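Hi everyone, thanks for making time today. I'd like to walk you through one structure, so please have the viewer open and follow along.

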Amino acid sequence: MSEIDPEDTMTAPPRRQVDPRRYFEGAGERHDAAEAPPVCLYLETTNRCNLLCTTCPRTYEELEPPADMSWELFTRIVDQLPNIERAVMHGVGEPMMVKHLAKMVRYLKDRGTYVLFNTNGTLLNEKNGRALIDAGLDELRVSLDAANAKSYKAIRGKDFFARILKNVRAFRALQEREGHDKPRVSAWLTGLKETLPELPAFVRVCAEIGVREVYLQRLVFFEQDSIGHARPDQALYERTSREEAGYLDEAMALARSLGMTFSASGAVAEPGMSLKRHDDGSPWSMCRRPWNVMYFTANGRALPCCIAPFSQRGYANYTLGDATQESLRDIWNGPAYRTFRAGLLSDHPPAACASCGLRWSL
């Protein structure tokens, strides 16, 4: 790993304070060169996983050599962004498989960063849960994706449904019993044609295990050579029938009656809005991520965002740098990033972005 010159640290004052859940609104003017350091840092703490989700590309191909992000690489990246406002500690793996995860969270919290990650909940035992509470984790998102064991196994590949419910219920009980407000726990369901009818039941299951926030997440799928459930015929975007809209309405009404929050990915207040198109025929034009997000894989590869691995196969197609060999300053406004941004601002965007807005909440 190459040495970093202290002058390469991106020490510019942070931009205006933004809601960490709406970080994408802080991009400012967009040019091929970014005017300010990123607001949000995605750190793929591991690309290993203990599930075989049928909506995830890592189930079907090795994207990079299996790895956990080393402490050396983690601190090398974070120390170059001392004012980073938001850190997301997941990628295509299960973060709770990383032994020093809580130490990473604490390292970020000590500099005032808002920290969160998605988990499948299989490893959320009391020891791990307490470690995350003690580290100061702000938000814990549980990707549950089903309302019953049969659907869970079909979507997530293994029969861990009961175990996850037990883990989350116990963790929430621990928080309530000891008065811990953080991390804020939410449950997520990827919207599939196959599982949308379960959405009201999903809300009820979440209520029963003590989770007060539920989110509907749009499916990201491959247009060609589809894999598993990540395929066009399972998508809800612009394809929601009246009957399917009814499930959404029913789930929303149930959540309100139970005093729960029911929302959608991309900080969309109305879940149904996440499934409707709002662009002028160039869906990529709404994206702000290359101006406010840096994403690094467990091996240090810089990617444009967390969605790229799900929108075009092959990291070589959209690699923007290597944090083990380059400074973040050199990557952030280097030739690859500037070319990528210029493409996104044109009528001929990078292939990974061309229809992203049709398959994800921007």
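**Charges, rings and a helix**

Let's begin with Lys103, whose charged end sits over the ring of Trp71, 4.2 Å from the ring centre. By "over a ring" I mean that NZ of Lys or CZ of Arg is within 6 Å of the ring centre and within 35 degrees of the ring normal. Arg341 does this too, lying over the face of Trp332 at 4.6 Å from the ring centre.

A quick word on what you are looking at. This is a predicted model, in which local features need pLDDT of at least 70 and side-chain atom pairs count only at pLDDT 80 or more, while totals for chains, interfaces and linings use all residues. Residues are numbered from 1 along each chain as its sequence is written, and side-chain values use heavy atoms, with hydrogens and water left out.

Back to Trp71, then. Together with Phe74 and Tyr107, Trp71 forms one aromatic cluster. The structure holds eight aromatic pairs. One of them is Tyr152 with Phe161: the ring centres are 5.8 Å apart and the planes stand at 50 degrees, so this pair is tilted. The rule is that rings of Phe, Tyr and Trp (its six-membered ring) pair if their centres lie within 6.5 Å, with planes under 30 degrees apart called stacked, over 60 edge-to-face, and the rest tilted.

Are Tyr152 and Phe161 buried or exposed? Tyr152 counts as buried at 0% relative accessibility, and Phe161 counts as buried at 7%. Buried here means under 20% relative accessible area, exposed means over 50%, and partly exposed is in between (1.4 Å probe, protein chains only).

Phe161 takes us to helix α5, residues 161-178. Helices (H or I, at least four residues) and strands (E, at least two) are DSSP runs, numbered from the N terminus. How far should the 18 residues of α5 span? The expected span is 1.5 Å times one less than the number of residues, which gives 26 Å for α5, and its end C-alpha atoms are indeed 26 Å apart.

Buried residues of α5 include Phe161, Ile164, Leu165, Val168 and Phe171. Among the elements that cover the buried residues of α5 are α3 (126-135), β4 (139-143) and α6 (199-208). Just after the helix, Gly179 takes a positive phi of about 75 degrees.

Now for salt bridges, meaning a side-chain nitrogen of Lys or Arg within 4 Å of a carboxyl oxygen of Asp or Glu. By this rule the count comes to 14. Staying in α5, Arg172 and Glu176 meet in one, at 2.9 Å from N to O. The two lie four residues apart, about one turn of the helix. Arg172 counts as buried at 13% relative accessibility, whereas Glu176 is exposed at 57%. Elsewhere, Glu139, Arg141, Arg184 and Glu213 are joined into one network by salt bridges that share partners.

Helix α3 has a salt bridge of its own. Glu126 pairs with Arg130, the closest N and O atoms being 3.1 Å apart, and these residues are also four apart, about one helical turn. Arg130 is partly exposed, at 30%.

My last example is Asp68 with Arg48, again 2.9 Å from N to O. This pair links distant parts of the chain, 20 residues apart, with both residues in the loop between β1 (40-43) and α1 (71-79). Asp68 is partly exposed at 28%, and Arg48 is partly exposed at 28%.

Thanks for listening!

How values were computed:
Contact = heavy atoms within 4.5 Å.
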